[in-house]
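The following explanation considers an enclosed space and the helix packing around it, and then turns to a further helix pair. Please keep the structure in view while reading.

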Amino acid sequence: MSATDYDNDELIFLDDDGSSDIDTTIYKEWNILIVDDDEEIHTVTRLALSDLIVNDRKLNFLHAYSAKEAKTLLHDYGKSIAIILLDVVMETDDAGFDVVRYIRESMGLTEPRIVLRTGQPGYAPEEEVIKLYDINDYKTKTELTRAKLMTTVISSLRSYQQIMTINQNRIGLEKIITSSANLFEEHSVKGFCEGVVTQISSLIGLDAEGLVCARAGSVLDKDDNGVYILGAAGEYASFINESIDNINNSEISEQVGRCLRLKRHIFESDSSVLYINRSGFEAAVYVNMVSEITNLDKSLLEVFLSSISVGYENVNLFHQLRNAAFRDWLTRLPNRNEFINMLDKPHIFACENCSVALIDVNHFSDINDGLGQEAGNELLRAISDRFQACFDDSVKIGRIGADVFGLIGPSNVVNPDNINSLFQSSFKVSDHTLPVNVTIGLCQLDDKRNIGLEILKRINIALNRAKKNISDNFEYFAKDIEDKTTWRLEMIRRLRSDFMARKLELWFQPQVDLVSEKVVGMEGLLRWPDGNNGYISPAVFVPMAEYSGLIVDIGEWVLEEACRRLKDLKEANFGDLRVAVNISMPQFRDRSFVNKVLGTISASECDPSLLELEITESVVMDEPQIVIDALRTLKEHGVAIAIDDFGTGFSSMSYLQQLPLDRLKVDRSFIRDIEPGKSAVLAETIVTLGNKLGLLTIAEGIETKEQAEYMIELGCNEAQGFFYAKPMPFSELMDYLVSQKDAN
């Protein structure tokens with residue numbers, strides 16, 4: 001009896017877990033497991049079915065003589081066993097039932113068909129057994145004549161085939177659906193293409209053996225136009241992402257190439273190549289054949305391929321989107337996002353002693369400006385190529401920014417010496433030979449799980465420190481650096497918050513005429529309460545305000561507060577006193593600075609000559625012309641100008657002559673040099689210079705009577721310091737001025 005009398009369908013097998021690494025050799029025969037403690041039953045069954053062929057496959061008999069042996073064989077063969085002819089009574093009266101429960105419940109095998117046989121008629125009611133257990137039949141051994149046994153086996157094989165086909169369809173669809181639902185995952189194209197192979201094989205009744213090939217393009221980040229394997233099942237699974245030539249099968253290579261060239265399906269007797277095309281995204285699906293595909297199958301495939309082509313287009317488009325999100329378009333290296341992802345997943349670069357480095361190309365903007373952007377791009381590609389050529393797979397490389405590269409790898413490889421050695425020789429860019437210098441920030445990773453973004457932040461801190469390092473071009477991250485940086489950022493945040501809440505205060509330190517000791521003005525000094533009845537030093541927070549840019553807003557407020565206090569002084573009959581405030585370089589860079597000063601004076605209706613702007617030598621030397629132009633305009637409107645800390649900044653005398661100054665302030669550091677019996681040469685020089693230039697001079701930091709008397713002898717005009725009065729809030733200043741007026 002031929003199998004074709006009963007069923008023309010081919011059977012399809014695939015592990016339920018969806019694995020594509022399938023050993024198809026175990027499916028060349030039908031595996032029939034005979035479980036019986038009677039040796040004669042084994043022999044009779046084997047003889048009765050020995051010549052049976054179903055779908056061009058013979059029967060392969062497996063033998064077990066007890067429930068225990070049956071369980072062992074089931075573990076070895078699993079769902080590849082098509083039928084189990086199972087004796088009910090063996091070592092125990094219900095051993096067969098126990099095996100059924102073990103198969104269906106413990107092992108979870110639903111595919112193998114079970115035919116229960118018993119030598120004891122009436123041992124268990126047939127109807128009850130069929131209801132309780134997932135079995136195909138329950139017969140007494142005497143009922144199973146050769147003809148009936150063959151009929152039972154063939155019908156059971158048909159059921160087994162249908163179950164396996166359904167599972168095959170489900171697995172193929174699951175692959176397609178899962179890959180479509182995870183299009184941003186690294187292997188979405190691979191998963192989708194595996195699903196296509198599996199599903200097509202299922203539709204035409206084949207084992208899941210085949211592959212999906214396409215011209216790589218951007219999908220595999222290949223620069224050539226070769227044909228690559230995107231997904232595969234069966235024996236070809238190990239060639240995924242490789243060139244089709246690597247499978248060493250000229251027939252497959254020729255058929256796939258012909259399909260892509262002719263842009264149509266190719267049907268052969270032993271294989272077929274199916275063509276997929278959607279919006280320019282092409283693929284060829286090669287499948288092994290046992291028999292030719294019928295016209296009905298071809299029609300079904302046409303419908304399926306039409307539907308699946310939309311999904312193929314989508315996975316390609318989403319793969320391109322993923323590349324755009326995680327790949328640098330110029331060098332094809334991982335970009336900043338992917339670099340952070342790699343730092344999030346230590347297993348990608350698993351090593352016990354690992355370092356991360358950022359390499360910043362120095363003066364890269366000069367190359368772009370001088371030679372053009374294309375030359376700059378060529379240089380970046382050349383640097384990328386050198387990194388990839390000099391480091392093996394243990395080092396992960398990325399392009400983090402415009403001219404910043406990242407490395408992750410073993411510390412004995414990723415270190416300053418090795419990195420610097422790569423830049424010892426110049427780079428060839430078009431017709432130019434360019435030497436390149438770099439700055440390197442590094443961080444050694446510990447065995448703790450760290451967040452990628454946090455690691456990158458630490459390396460950036462090290463890189464910024466390296467840029468300030470005058471002896472080396474690299475810096476390793478250290479915990480105290482992060483602590484200081486974190487503290488600094490927190491202080492800046494607090495400063496901004498307190499400034500917005502108007503918690504900053506403007507105090508005033510009186511300035512006196514050295515001879516008469518009468519108050520002639522005062523300097524406005526910024527104070528920041530720390531919230532614990534103390535104050536944070538200006539030496540700490542003013543640089544932070546300048547660094548964060550907040551100094552512009554704070555400076556504007558100080559000007560407004562100074563002008564408001566000038567108006568209050570006038571109303572209190574102290575209208576002849578001036579107020580001096582410090583101006584920083586960021587304020588001068590503000591294009592509306594001059595207008596803001598003049599607007600504030602106008603709004604307060606105060607005398608501009610009583611507002612004195614103090615600048616330091618370092619401010620003048622930073623951008624001299626901007627400062628000179630602004631001060632000249634303000635001077636024309638009557639605003640007084642003083643230069644603070646004179647003598648500490650090594651300023652140019654030519655700029656000093658150009659500034660519209662009213663006063664020179666002698667820095668407190670020169671006043672400290674004044675001691676009995678000694679001369680303070682620098683203080684004397686500054687006072688003499690001021691007198692020669694026709695400027696008033698004022699000494700800062702006078703703390704003793706001897707210092708005051710010495711400055712009088714030098715011809716200094718004014719002074720401020722603890723000897724006369726400490727800085728004080730405005731309310732205390734008013735009391736001080738009243739007391740001074742009463743004393744005189």
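**A cavity and its neighbouring helices**

In this predicted model, the largest cavity holds about 60 Å³ of space. The count of cavities of 30 Å³ or more comes to 1. Two elements give two or more residues each to the lining of the largest cavity, namely helix H16 (551-571) and helix H18 (593-604). The residues that line this cavity are Val552, Glu556, Leu559, Gln587, Asp590, Phe593, Lys596 and Thr600. Sorted by class, the lining comprises 3 nonpolar, 2 polar and 3 charged residues.

How do the axes of H16 and H18 cross? They come within 9 Å of each other, at an angle of roughly 25°. Because angles under 35 degrees count as roughly parallel, H16 is described as roughly parallel to H18. The crossing of H16 and H18 is right-handed. On the H16 side, the contact is made by Val552, Glu556, Leu559, Glu560, Cys563, Arg564 and Lys567. On the H18 side, the contributors are Phe593, Lys596, Val597, Thr600, Ile601 and Ser604. By class, the residues of this contact divide into 6 nonpolar, 2 polar and 5 charged. Several names recur here: Val552, Glu556 and Leu559 of H16, together with Phe593, Lys596 and Thr600 of H18, take part in the helix contact and also line the largest cavity.

Helix H18 has a contact with helix H20 (residues 624-636) as well. The axes of H18 and H20 come within 10 Å and cross at roughly 25°, and these two helices are therefore roughly parallel to each other. Their crossing is right-handed. From H18, the contact draws on Phe593, Val594, Val597 and Leu598, and from H20 on Ala630, Thr633 and Leu634. This contact has 6 nonpolar residues, 1 polar residue and no charged residues. Phe593 and Val597 of H18 thus appear in the contact with H20 and in the contact with H16, and Phe593 is also one of the residues lining the largest cavity.

Another arrangement is found in helix H13 (residues 452-467) and helix H14 (residues 479-500), whose axes come within 10 Å and cross at roughly 95°. Since angles of 65 to 115 degrees count as roughly perpendicular, that description applies to H13 and H14. Glu454, Lys457, Arg458, Ile461 and Arg465 of H13 make the contact with Ile481, Glu482 and Thr485 of H14. By class, the contact of H13 with H14 has 2 nonpolar, 1 polar and 5 charged residues. The contact of H18 with H20, by comparison, has no charged residues.

How values were computed
Residues numbered from 1 in each chain as written. Predicted model: local features only at pLDDT ≥ 70, side-chain atom pairs only at ≥ 80, totals over all residues. Heavy atoms only, no water. 1 Å grid on protein atoms, 1.4 Å probe; cavity = no way out; pocket = protein on both sides within 12 Å on 5 of 7 lines; lining within 4 Å. Points joined across faces, edges and corners; volume = space filled by probe spheres on them. Helix = DSSP H or I, 4+ residues; strand = E, 2+ residues; numbered from the N terminus. Nonpolar A, V, L, I, M, F, W, Y, C, P; charged D, E, K, R; others polar. Axes fitted to C-alpha atoms, helices over the stretch in contact; angles between N-to-C directions. Parallel < 35°, antiparallel > 145°, perpendicular 65-115°, else oblique. Left-handed = near helix turned anticlockwise from the far one by under 90°. Contact = heavy atoms within 4.5 Å.
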